Amino acid sequence: MKLNIHYFLALFFISTVSLFSQDDDSKNRIQLFDLNTMAERNLNCALIMENTDAGKKYLEVKPIENNAGLVVWEKGDSPDWAKARYLVIEILGDNDYSGTINIEFYKESGKPAAEKIILQSGEVKLKDKNAPWFSSLMGILPRLRTKIVFPLSYLDAQTLFVERFPRQLKGTINGNRLDPGDITKVVLRFGPCFEPYFKPIYNLYSVYISDEKPEPNTPLNKPVIDKFGQWMLKDWKGKINDEKELIRKQNELKNNLNEVNLPESWSKYGGWKEKRFKATGFFRTQHDGKRWWLVDPEGYAFLSVGVDCIRKTSAGPVEGIEDLFEWLPGEDDPEAAALFNNRDGKKYMDFYVSNLIRVFGKDWEKEWESVTVGLLKKFRFNTIGNWSDIEYAKKIKIPYVLPLRNFPSTDILLYRDFPDVFSKEYEANSEEFARQLADYKNDPYLIGYFLRNEPHWAFGYHNLAFEMFAVNQQSATKEEFVKWIKEKYRSDISAFNKYWNLNLKDFSELKEMTFKDYPSETADKDFYLFSEIMVKKYIDVPCDAVEKIDGNHLNLGMRYAWISSDLLYKAGERFDVFSINGYGLTPPPTSEIAERSGKPVMIGEFHHGAVDRGLPATGIVGVLSQQDRADAYRNYVEQGFARPELVGIHYFQWIDQPFYGRFDGENYNIGVVDIANYPYEELTNAMIETNKQIYEIGDGTIKPFKKDIVKIPPIHY
């Protein structure tokens, strides 16, 4: 790398000046990280550049595959983490796809959270000893200068999702709680990197910590999102160019759905007439000696193939980013209903709705219902998946699954969303939670209910009892732990002290203690044993309550994100069907789940996305093209139903997410239909071909589709 006099002048200036506000008493203190030092530490991927328009320097980063990341701070550098509340990264990704930035915090010592990591794909690998202690994956829109804001309060690891700031996309958290004083290194890792398809370039303008939120982003001179909700800086097959084209395509779609029906070999519930069991009037499970089946109310064998989020909305917040849009409706516009205040009090825009209004006018909701049921039948789906419009599902008489609301919680949370399960409050709230099933208990179209979705405490391996003692918070569960440990050691405080490496006078002192690290290996094991007891209580109390209200329908579990520890099996002992959200090119290893739980398995979510059309991110599993999305769907569903334990597979989701991000910042190309309500033809043709033969595949008379697909790094956050 050739260095010039400007480089050394910048190095001298930045490294000798700490940037603070003029008033020493001001809370708006900023501590800059040194761009030149970053360049010196990362010669393989970073270069100091000069912005000729503004006359300011920035760091051009060209990440490479398997790169070590960009070290932005090391112990001994000048910024003081203890004197700040926010980490701010001002950056632009000069690419046609979203940027992913992983902020990694390293700690000098401490016991790893687990020796093994179980990935969402189901793959098990040893934990890297050099892995970060804590990290946050953040997303940014393409070609848009953005201030990423990371509140340092999130280092306590008690939440999974980072607050969204303007232009910022979704932010997620991984790892264990970290004291700012223990930070030894901070690294930025950029993606996606995959030769020759993804060779991203990032312009890094500044990195700093601050006592206050940064000033807003500089407004754009030109908008980047058109009146149909599409990105203006890229063209693609199927992009809507004018209103006439939008109306014509939707009317053609509607007219082609007049005579669509389900296969004759399917029952009115979508079951398979070729195989029949005892009918009970409701859905149930059955093992026929070879495989598990669901059984529909008439007794026919049933495999559930469905789509999540079937509803007439795809909105996202627009406050603070109004400058991105070519058009937002006014109060007197026909599309005014598409711009609204959401229940979180923020302004949202739904271009999916405004596009439907442009086509169908005031009858748009009725027309959407008619078109959508036609598409569901055409694509051979027999289930309305999670997060869908339940009243619509009941109206069109297609079997559905029900996500129960407001899983019982308590004022005191022991770790993330894990409640005080031994409290009277938890018991009372569980009874209240169960009452919502009263309105559904006699509905034959209801397959079953999910108790909740992806508990936050289950993201990663976490010893819940140990985490309960990370803070000096009293609870009924902590009191129960002290009773349990006293019984385990037969009231012998000397033996307990010996095994735990402590010096307590009485067991009662334990509930006042906090632990930053495990005092001994025995303590680690004891904490985990009680974690199992906590999880059993966590599941038993609400399951007892729902079974009293509704004994007709299947308990479909909690739709775990993945099997992160054995605690999830402990929480699955009461389910009728063990549900998991399984992202991959093929389903996760569900045979182990079935063997260990003794239950059939349902995949609550999976998807594949690409960036060759309108959206800049793939979602959790990425492929190169829409045709690859189609082949990946066939791979996943057919190879899945060829397994004897899988009784349900649901695709996530019906509509593409908005370019500017839904409520949490996801903006993935994962829809069956796009923002203009037009189906992805390659994908939906594959759905028709696969879905119509799921029963023959499940019964073993047809071999499942299999095709090798290029595995790419996903663009998700």
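Phenylalanine 340 is partly exposed, with a relative accessible area of 29%. This value, like the rest of this report, comes from a predicted model.

**Aromatic pairs**

The structure holds 60 aromatic pairs. One of them joins phenylalanine 340 to tyrosine 348. That pair is stacked. The ring centres are 6.0 Å apart, and the planes meet at 25°. The pair counts as stacked because planes under 30 degrees apart are classed that way. Tyrosine 348 is buried, at 4% relative accessible area. Phenylalanine 340, at 29%, is partly exposed. Buried requires a value under 20%, so phenylalanine 340 falls outside that class.

Phenylalanine 575 and phenylalanine 578 form another aromatic pair, and this one is edge-to-face. Centre to centre, the distance is 5.9 Å. The angle between the planes is 65°. Phenylalanine 575 is buried, with a relative accessible area of 2%. Phenylalanine 578 is buried too, at 0%.

**Around strand E28**

Strand E28 covers residues 578–581 and includes serine 579. Is serine 579 buried or exposed? Serine 579 is buried, at 0% relative accessibility. Its side chain has a polar atom 2.5 Å from the backbone oxygen of leucine 556.

**Charges over rings**

Two lysines illustrate the next feature. Lysine 107 lies over the face of tryptophan 133, at 4.3 Å from the ring centre. The charged end of lysine 249 sits over the ring of tyrosine 678, 4.3 Å from its centre. Lysine 249 and tyrosine 678 also appear together in the lining of a cavity, the second largest.

**Cavities**

How many cavities of 30 Å³ or more does a search of the whole structure find? The search finds two. The table sets them side by side.

| Cavity | Volume | Lining residues by class |
|---|---|---|
| Largest cavity | about 40 Å³ | eight nonpolar, no polar, one charged |
| Second largest cavity | about 30 Å³ | four nonpolar, one polar, one charged |

The lining of the largest cavity includes the run Leu141, Pro142, Arg143 and Leu144. Val224, Trp231 and Leu233 also line this cavity. Leu324 and Phe659 complete the list. The charged residue in this lining is Arg143, because Arg counts as charged.

The second largest cavity is lined by Ile240, Leu246, Lys249, Gln250, Ala676 and Tyr678. Here Lys249 is the charged residue and Gln250 the polar one, because Lys is classed as charged and Gln falls among the others, classed as polar. Tyr678 counts as nonpolar in this scheme, so the aromatic ring under lysine 249 belongs to a residue of the nonpolar class.

**Cis peptide bonds**

Glutamate 195 and proline 196 are joined by a cis peptide bond, with omega about -5°. Proline 196 sits in the loop between strand E12 (183–191) and strand E13 (202–210).

A cis bond also runs from phenylalanine 652 to glutamine 653. Omega there is near 25°. Glutamine 653 is placed in the loop between strand E30 (646–651) and helix H15 (681–691).

**Positive phi values**

Cysteine 309 has a phi near 60°, which is positive although the residue is not glycine. Where is cysteine 309? It lies in the loop between strand E18 (304–307) and strand E19 (316–317). Cysteine 309 is buried, with a relative accessible area of 6%.

Arginine 490 is another residue other than glycine with a positive phi, near 50°. Its loop runs between helix H9 (476–488) and helix H10 (493–500). Arginine 490 is exposed, at 77% relative accessible area. The cut-off for exposed is over 50%, so arginine 490 meets it.

**The loop after H10**

Lysine 505 is found in the loop between H10 and helix H11 (521–549). At 74% relative accessibility, lysine 505 is exposed. How far apart in space are lysine 505 and isoleucine 493? The distance is 7.1 Å, C-alpha to C-alpha. In sequence, the two residues are 12 apart.

How values were computed
Residues are numbered from 1 along each chain as its sequence is written. This is a predicted model: local features need pLDDT of at least 70, side-chain atom pairs count only at pLDDT 80 or more; totals for chains, interfaces and linings use all residues. Side-chain values use heavy atoms; hydrogens and water are left out. On a 1 Å grid over the protein atoms alone, a cavity is a set of points where a 1.4 Å probe fits but cannot get out, and a pocket is an open set with protein on both sides within 12 Å along at least five of seven lines; lining residues have an atom within 4 Å of a point. Grid points are joined across faces, edges and corners, and a volume is the space filled by probe spheres set on the points. Rings of Phe, Tyr and Trp (its six-membered ring) pair if their centres lie within 6.5 Å; planes under 30 degrees apart count as stacked, over 60 as edge-to-face and the rest as tilted. Buried means under 20% relative accessible area, exposed over 50%, partly exposed in between (1.4 Å probe, protein chains only). A charge sits over a ring if NZ of Lys or CZ of Arg is within 6 Å of the ring centre and within 35 degrees of the ring normal. Helices (H or I, at least four residues) and strands (E, at least two) are DSSP runs, numbered from the N terminus. A polar contact is a pair of N or O atoms within 3.5 Å; within protein, one must be able to donate a hydrogen and the other to accept it, and residues adjacent in sequence count only if both atoms are side-chain atoms.
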